[in-house]
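Open your viewer and get a selection box ready. We will take a short walk through this model, stop by stop.

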Amino acid sequence: MVTILDVARAAGVSKSTVSRVLDERLPRSTSETAERVRKVAAELGYVRDPLASGLRRSGTSTVGVIVPRLTDTVMAMLYEAITAVAADRGLFTVVATTEDQPEAETVAVQSLRRRRVDGLILTTARVGTPVDVGATSYALALRTDGSSPAAIGDDRLGAQLATRHLIDLGHRRIGLVGGPEYASSACGRAEGYREALEHTGIAFDPALVAGDAFSIEAGEIAGRRLLDRPDRPSAVFAVNDNTAIGVLSAAHALGLEVPRDLSIVGYNDIPVVSRLPVPLTTVRVPFRQIAEDALRLILDDSRGRSGETLVSAPTLIPRESTTAPPR
């Protein structure tokens, strides 16, 4: 779809100029610039987005985004994707952080609503705990509460791909470094891990599961717990790249070489993991598609009110942190 940004680039003007020229509610300009913009728009086949334009007529052309923290690379990547998608529709985004605390989420929602945002995208959902956003159009992203409109990745499928990759390499003792139980993403990835084991006839062993947060520190603690034992796993699947980096740190501290002594798979494919001393095998999440789906849900409020969940498929990215188990 041709966007305002495409027209602006081709005409050599700003997005705001294109928006003003093509806004049928404003007096028609006959300036040379306006005529050029209209000509370029026609040549490119630009069609005004009725959803986005309707949103602008009704409010501030602003979408609020609520994330746990922007120091988390995953949240920063998703926010940048949402901002880019919104800009293509002539919308602006503003972000609030909560440190993943429900009370802070409530404050953030209230604050953004007072600023008259036209819609909200939240990445802070907790399983079984719907958020109260009043009459504001909203959608969840990356995580779901089980009932609200949401745009997420297929976490079970991604975990199945990661675990099956390790099984196909010959691993049978595969550890799981999990995340918080309130996060649907962590729960889905844990389910996918178990399903991949069961489908291959490998018994699930709760002793090979550790971890309860998404941080590097949590990954290191869980990694030490799994690896500092005589019957350690030969491979570990970590539910995000931060915890996988923590496991790498724990392995190094214990004198284990990756992947000779231990294979590791992460999740999300944040930029740093391809540039580690041992590039990390991981599961790539389609952040751009999730951002587009979340914005579509809040722009088309009738779909959002139905509690629709849009799911995007992830992709396994094999790198140098995984190999066959030692003999």
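How much space lies in the largest pocket? About 440 Å³, in what is a predicted model.

**Stop one: the pocket.** Select Arg69, Asp72, Met75, Phe214 and Asn240, the residues closest to the pocket's centre among the 29 that line it. Now colour helix H5 (73-88), helix H8 (184-199) and helix H9 (216-227): these are the elements that each give two or more residues to the lining. By type, the lining of this largest pocket divides into 12 nonpolar, 10 charged and seven polar residues.

**Stop two: helix H1.** Move to residues 4-11, which form H1, and show the side chains of Ile4, Val7, Ala8 and Ala11, which are buried. Why are they on the same side of H1? Because they cover an arc of only 100° around the axis. In general, an α-helix has 3.6 residues a turn, so residues three or four places apart point the same way. Add helix H2 (15-22), helix H3 (32-44) and H5 to the view, since the buried residues of H1 pack against them. Just after H1, click on Gly12, where phi is positive, near 70°.

**Stop three: the cores.** Select Leu78, Ile121, Leu142, Phe237, Leu262, Ile264 and Leu295, which have the most contacts inside the largest nonpolar core, a set of 66 residues. Zoom in on Leu262: beyond its neighbours within four places in sequence, its contacts include Leu227, Pro233, Val236, Val247, Ala251 and Ser321. Apart from this core lies another, of 15 residues, with Leu120, Ala125, Tyr138 and Leu140 among them.

Key
Residues are numbered from 1 along each chain as its sequence is written. This is a predicted model: local features need pLDDT of at least 70, side-chain atom pairs count only at pLDDT 80 or more; totals for chains, interfaces and linings use all residues. Side-chain values use heavy atoms; hydrogens and water are left out. A nonpolar core is a set of buried Ala, Val, Leu, Ile, Met, Phe, Trp, Tyr and Cys residues joined through side-chain atoms within 4.5 Å. Buried means under 20% relative accessible area, exposed over 50%, partly exposed in between (1.4 Å probe, protein chains only). Contact means heavy atoms within 4.5 Å. On a 1 Å grid over the protein atoms alone, a cavity is a set of points where a 1.4 Å probe fits but cannot get out, and a pocket is an open set with protein on both sides within 12 Å along at least five of seven lines; lining residues have an atom within 4 Å of a point. Grid points are joined across faces, edges and corners, and a volume is the space filled by probe spheres set on the points. Helices (H or I, at least four residues) and strands (E, at least two) are DSSP runs, numbered from the N terminus. Ala, Val, Leu, Ile, Met, Phe, Trp, Tyr, Cys and Pro count as nonpolar, Asp, Glu, Lys and Arg as charged, and the others, Gly among them, as polar. The arc is that of the directions from the helix axis to the C-beta atoms.
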